[in-house]
Amino acid sequence: MNAAAQWMTIVSMMMCGLAMGLVFDVYRVASHRFTVARWLLPALDVVYWAAATLGVFRILLASNEGEVRMYVFLGLGIGITGYFGIFSSWVVKLSSKFFDFLKALFRFLWKLFNTLVLVPFLWIVRLIAKIIDIFFIVTAALLLWTGKLLFKPFVAMGIRIWPKLLPVRRKFEPMVRAYGRMRERARQIRDIFKKKP
């Protein structure tokens with residue numbers, strides 16, 4: 001490999017180091033801004049380092065056919081150190097402002113959706129429910145009123161017939177009393193068996 005290819009590889013690795021630092025800072029700010037669960041952070045760290053490693057090796061394959069030399073690590077170290085020494089504070093501030101803007105935009109869009117879609121939809125649903133309630137109440141009242149009108153002649157007829165059935169009722173009274181005594185005796189026997197251990 002000639003010197004020009006080696007310098008190209010070093011520059012590529014420096015750019016990779018800068019990109020790794022940039023992505024790490026954005027990821028760190030995002031995890032704080034969006035309150036990611038602590039148990040999820042190790043998994044996200046593994047994902048970050050796996051993606052960074054794959055990205056570095058992909059660029060390394062494109063620049064020097066995947067040869068890992070000392071200058072590869074030197075370029076990565078220079079890129080990462082230079083990023084954290086010069087750009088990190090600016091990127092953290094810009095990322096914080098960007099994520100604050102995203103949160104404010106999300107809140108605004110949610111309020112807009114709530115005001116224009118959700119609240120009217122719920123109001124329409126409640127109105128339909130009230131209309132259905134009123135319809136059922138009116139229907140039930142009409143049915144009761146119709147039932148009273150239909151059964152009114154039968155009630156009058158029953159009031160007239162009931163006194164005439166008095167002799168028949170008196171004939172059935174001994175049987176009703178006997179049935180009541182039998183039920184009482186059966187209940188007493190059942191209670192006696194229940195009390196036995």
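Start by selecting Y48: in this predicted model, Y48 is buried, with a relative accessible area of 10%. Keep it highlighted, as several stops on this tour come back to this residue.

Next, add F24. Its ring and that of Y48 form a tilted aromatic pair, 5.6 Å centre to centre with 55 degrees between the planes. The two partners come from distant parts of the chain: F24 lies in helix α1 and Y48 in helix α2, 24 residues apart. F24 is partly exposed, at 24% relative accessibility.

Now widen the selection to Y27, W49, Y83, F84 and F87. Together with F24 and Y48, these residues are linked into a cluster by ring pairs. The structure holds 10 aromatic pairs in total.

From the rings, move on to the core. Select I10, M13, C16, M20, Y48, A52, V56, L60, Y71, V72 and L76, and you have the largest nonpolar core, with 11 residues. Helices α1 (3-33), α2 (41-64) and α3 (70-164) each give two or more residues to this core. Pick M20 here: leaving aside neighbours within four places in sequence, M20 is in contact with Y48, W49, A52, V56, L76 and I80.

Then travel along helix α3 to W110 and F113, which are 3 residues apart and so separated by about one helical turn. W110 is partly exposed, with a relative accessible area of 45%, and F113 is also partly exposed, at 38%. Their ring centres lie 5.8 Å apart with the planes at 35 degrees, so this pair is tilted.

For a last stop, select W90 and K93: the charged end of K93 sits over the ring of W90, 5.7 Å from its centre.

Methods
Residues are numbered from 1 along each chain as its sequence is written. This is a predicted model: local features need pLDDT of at least 70, side-chain atom pairs count only at pLDDT 80 or more; totals for chains, interfaces and linings use all residues. Side-chain values use heavy atoms; hydrogens and water are left out. A nonpolar core is a set of buried Ala, Val, Leu, Ile, Met, Phe, Trp, Tyr and Cys residues joined through side-chain atoms within 4.5 Å. Buried means under 20% relative accessible area, exposed over 50%, partly exposed in between (1.4 Å probe, protein chains only). Helices (H or I, at least four residues) and strands (E, at least two) are DSSP runs, numbered from the N terminus. Contact means heavy atoms within 4.5 Å. Rings of Phe, Tyr and Trp (its six-membered ring) pair if their centres lie within 6.5 Å; planes under 30 degrees apart count as stacked, over 60 as edge-to-face and the rest as tilted. A charge sits over a ring if NZ of Lys or CZ of Arg is within 6 Å of the ring centre and within 35 degrees of the ring normal.
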